[in-house]
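Biologist: I'm new to this one, and I'd like to learn how to read it. Could you walk me through it a piece at a time?

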Amino acid sequence: MAAISPRLAALTAAAMALPAVHVRAADAPGENPWGVDATHLEYSESGGRMNVRVNQASAVVPIGESFRLKANFIQDLMSGASPVFNAPGPGGKTQQVLTGASVFDNRKAGDIGADASIGDNQLLLRQGWSKENDYKSTWTSLEGKRDFNRKSTTLAVGFAFSDDGVSSHDAPNDFHTRIKRDFFAGVTQIVDERSLVAVSLEYSYSNGFLSDPYKLVFVQSSGLLRDARPDQRRQTAATVKYLAYVPAIDSALQAIGSLSTDNWGIRSGALELQWKKELPGEWLVNAGARYYTQSSADFYAPLYLSPPGGAHSSDYRLAGFGSIGWLAGVTQRLTPNFSVQIAAERTYRRVGLRSGGTGIDVDNYIWGLYLVTLQARF
Amino acid sequence: MRAQRRSSSVRLAVAALAAVGAIAAASTALSLTNGDLAAACSVPVVDGSRTVSLAEYRGQVVYLDFWASWCGPCRESFPFMNELQRDLAGRGLQILAISVDKTAEDARRFLARYPAQFTVALDTGAACPAAFQLQGMPSSYIIDKSGAVRAVHAGFRNRDRAEIRQQLLELLGRDAK
Amino acid sequence: MTLAARLIVLAAVVVALLATAGCATVQPWERGTLAKPVMAIEDPAHETAQKLRTYGAKEGGASATGVGGGGCGCN
């Protein structure tokens, strides 16, 4: 496989990562309102590809009975090779061309937030920042929640706005901008004494420079072109979650189904099933499996014979593919104030599982992650 | 044409969500309010030795609390009720804490971690919370000497402590003629 | 109708169905099972955050995120 100049850093997976705009703490307001969390996560891909090491710390501080302040800090360290483009190889089989020697990239991100709880209502405000050599992002989110029917129904609506600048190692101060607006609405409803269902809907609109500065496209007749995606993207997604306690096995079973579509032609679906059980001694275990499939973007092709008109990309993340993976975790409450959680996940990405469009075998890989979290609550 | 179709389906979605909101907001709940006579309630005490009923406390100020082993704020309300017992039992206050746990074992496990110096009873059949039209967990009812409900507290928060104390002192002091 | 519009209508219909028929009334004192730790419909915040970043970075699709709710309904 040909090598590319190391100056073409290809750790754009992180650069293109979504900010964690819609993460809500699961902690109930009121009890043990002070909290500190620390997480270490390691992610790696097969075939000498990307590795990411993440360290995260967060804190929650109550202000009176109705307010909470939150702060979160993340540091990512990325290394490893990443595909740049696909080229014809020996025997007519397409092959991937990766970046060369390990490239390092360091990302720092943080966010602060304020939550207000008044009666059955909650308001959550977040402001975040992310910075690395060739990418910066600022985002803001606002969410309102209300409980109805003696807390049998919870309704939430939210909005997030992010403003990003993407540059490249070749021209690190030459930023291309893009903005993203996210709208979210969801409802959780208790079905009966031992089950509940949650439905949520999300719509996002992105505008600006949405291409990947480190990806190229191979054209048989004329050589390499830069990755060029449309300057606008609209995505709609719906998720249904169903959680039920099954007394016969003293466990909870959870199913999560998602569907999404966008104006780039990418349609995706996911189904996750999980089993969760409490064990004596304050242990909690969970295990599950996830299936995912997507169709390729309209403007995606592994490579081109002649120069494409309009948008073009060979990025494996816009290809048609599917994946199957397992996930598992263990949580233990060490003392009334401290708990520790370990979780692991492994996913097999396969072009054969795609729901539509095209993709190539050589893009198949396996990714895995594990994480450890320590939680203190006072 | 496509824009029209998209906006009409968005309108439909908004209408559906609005309908949810309207239905949810319109569902008012009936509940026991101040001045109503406390419902009849007869339950076994936790050690199983006898049955208590609210009627036998007529003539006393009663702090009736509904709790459960799975109720987080109850971990705070129990030490508070111990304080009330220590400070006000001598002045005639009667505390009755009724567990709505489905099994006695769950209730006893909670009591092992959060011991109570006041009277604790079990209502595994949940007849009493239904009679009181409980709106949330935990709930406490302050009942005066004539058996009428004088205050209802749904939930237990830090700021409730002072308010509850004040309400009880008022009732305990009022009829001390 | 576009697929996106169909998704929105489907979600709205599910929501409307939930709001009207189909759900047994659960009294506040009957929420013991829902209060169990395994019945938390929202995963611990960190796990979800990491996962969403991974899925968002590795997949072209999106998924709508969670609302919370359920639980013991206390306070």
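Biologist: Let's start with the rings. Which residues do ring pairs link into a cluster?

Modeller: Keep in mind that this is a predicted model. In chain B, the cluster is made of B:Trp67, B:Phe78, B:Phe110, B:Tyr114 and B:Phe118, joined by ring pairs.

Biologist: How do I read a pair of rings?

Modeller: Two things describe a pair of aromatic rings: the distance of the centres and the angle of the planes. Searching the whole structure gives 17 aromatic pairs over all chains. Take A:Tyr292 and A:Phe321: their centres are 6.0 Å apart and their planes make 45 degrees, so the pair is tilted, since that label covers what is neither under 30 nor over 60 degrees.

Biologist: Where in the chain do those two rings sit?

Modeller: They come from distant parts of it: A:Tyr292 belongs to strand E18 (residues 283-294) of chain A and A:Phe321 to strand E19 (residues 321-333) of chain A, with their positions 29 residues apart. A:Tyr292 has a relative accessible area of 2%, so this residue counts as buried. A:Phe321 is buried too, again with a value of 2%.

Biologist: And what sort of pair do B:Trp67 and B:Phe78 form?

Modeller: An edge-to-face one, 4.9 Å centre to centre with 75 degrees between the planes. Here a strand meets a helix: B:Trp67 is in strand E3 (residues 61-67) of chain B, and B:Phe78 is in helix H2 (residues 74-88) of chain B, eleven residues away in sequence. Both B:Trp67 and B:Phe78 are buried.

Biologist: Now a single residue. Is A:Thr347 buried or exposed?

Modeller: Here you look at relative accessibility and compare it with a cut-off of 20%. A:Thr347 comes out at 5%, so we call this residue buried. You'll find A:Thr347 in strand E20 (residues 338-350) of chain A.

Biologist: Which residues is A:Thr347 in contact with, leaving aside its neighbours within four places in sequence?

Modeller: One group is A:Ser323, A:Ile324 and A:Gly325, and the other is A:Tyr365, A:Ile366 and A:Trp367.

Biologist: Can we try that reading on A:Ile256?

Modeller: Sure. A:Ile256 sits in strand E16 (residues 251-262) of chain A. Its relative accessible area is 15%, which means A:Ile256 is buried. Beyond its neighbours within four places in sequence, A:Ile256 touches A:Thr239, A:Val240 and A:Lys241, along with A:Ala270, A:Leu271 and A:Glu272. From A:Ile256 to A:Ile366 it is 110 residues in sequence and 22 Å in space, C-alpha to C-alpha.

Biologist: Let's move on to where chains meet. How many residues does the contact take from chain A and from chain C?

Modeller: Chain A puts in 85 residues and chain C 56 residues. The two chains bury about 6,100 Å² between them, with 61% of that on carbon and sulfur atoms. On chain A's side, A:Arg150, A:Lys151 and A:Glu193 supply 10% of the area buried against chain C, more than any other three residues.

Biologist: Which residues form a salt bridge there?

Modeller: The rule finds one salt bridge across this interface. A:Lys241 forms a salt bridge with C:Glu42, and the closest N and O atoms are 3.8 Å apart. Five residue pairs are in polar contact across the interface of chain A and chain C.

Biologist: Which element gives the most to chain A's side?

Modeller: That's strand E15 (residues 232-246) of chain A, which gives ten residues to the side touching chain C. By type, that side of chain A divides into 38 nonpolar, 24 polar and 23 charged residues.

Notes:
Residues numbered from 1 in each chain as written. Chains lettered and ligands numbered in written order. Predicted model: local features only at pLDDT ≥ 70, side-chain atom pairs only at ≥ 80, totals over all residues. Heavy atoms only, no water. Contact = heavy atoms within 4.5 Å. Buried area = accessible area lost by both parts, 1.4 Å probe. Salt bridge = Lys/Arg side-chain N within 4 Å of Asp/Glu carboxyl O. Polar contact = N/O pair within 3.5 Å; in protein donor to acceptor, adjacent residues only side chain to side chain. Helix = DSSP H or I, 4+ residues; strand = E, 2+ residues; numbered from the N terminus. Nonpolar A, V, L, I, M, F, W, Y, C, P; charged D, E, K, R; others polar. Buried < 20%, exposed > 50% of the residue type's maximum accessible area, 1.4 Å probe, protein only. Phe/Tyr/Trp six-rings, centres within 6.5 Å; stacked < 30°, edge-to-face > 60°.
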